[in-house]
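Here's a quick tour of the model in front of you. Have a look at it first, then read on.

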Amino acid sequence: MMEVKAKKGDSVKLKPKAVVFYNNTMGGVDRSDQCLSYYPVARNQQRKYYKKIFRHLLNQIVWNSFVIFKKNGGISNHIGFRMKLIERLIEGGSDSGSRNLWLPLKFLKM
């Protein structure tokens, strides 16, 4: 058991050595898993394994982009970053003068 100073106040708590070691060395993977659990993209009834893998990889890409954004001085939170990313992806296809390849032809003729 180790004595650890509490975050709030001046009290001292006793914690096992393993817990203290884990808390001191908690890295990016644990934080990433924790933050990605708030915005699940996996579907429970997904039968195609490759779709589940794709969604997970896409989710991880968005998280890594957010981390880079924050390191470069970004001030948005994660959900704000995701919303802005979605807005930019939607308007990115409509800015060009060429045909929008994201939408089927029946939606472009409206």
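## Confidence

Residues 105-110 have pLDDT under 50 throughout, and the model gives them 4 contacts beyond four places in sequence. Here pLDDT is the predictor's confidence in each residue, from 0 to 100, and contact means heavy atoms within 4.5 Å. Over the protein chain the mean pLDDT is 78, with 80% of residues at 70 or more.

This is a predicted model, so local features need pLDDT of at least 70 and side-chain atom pairs need 80 or more, while totals for chains, interfaces and linings use all residues. Residues are numbered from 1 along each chain as its sequence is written, and side-chain values use heavy atoms, leaving out hydrogens and water.

## Helix 3

Helices are DSSP runs (H or I, at least four residues), numbered from the N terminus. Helix 3 covers residues 49-71, and its end C-alpha atoms sit 33 Å apart, which agrees with the 33 Å expected for 23 residues at 1.5 Å a residue; the expected span is 1.5 Å times one less than the number of residues.

Its buried residues are Asn59, Val62, Trp63 and Phe66 (buried is under 20% relative accessible area, exposed over 50%, partly exposed in between, with a 1.4 Å probe and protein chains only). Just past the helix, Gly73 has a positive phi of about 95 degrees.

## Salt bridges in helix 4

With a salt bridge taken as a side-chain nitrogen of Lys or Arg within 4 Å of a carboxyl oxygen of Asp or Glu, the count is 2. Glu87 pairs with Lys84 at 3.9 Å, N to O; they are 3 residues apart in helix 4 (residues 78-95), about one helical turn. Glu87 is partly exposed at 43%, as is Lys84 at 42%.

Arg88 and Glu91 form a salt bridge at 4.0 Å, N to O, and are also 3 residues apart in helix 4. Arg88 is exposed at 51%, whereas Glu91 is partly exposed at 40%.

Note on methods. Helix = DSSP H or I, 4+ residues; strand = E, 2+ residues; numbered from the N terminus.
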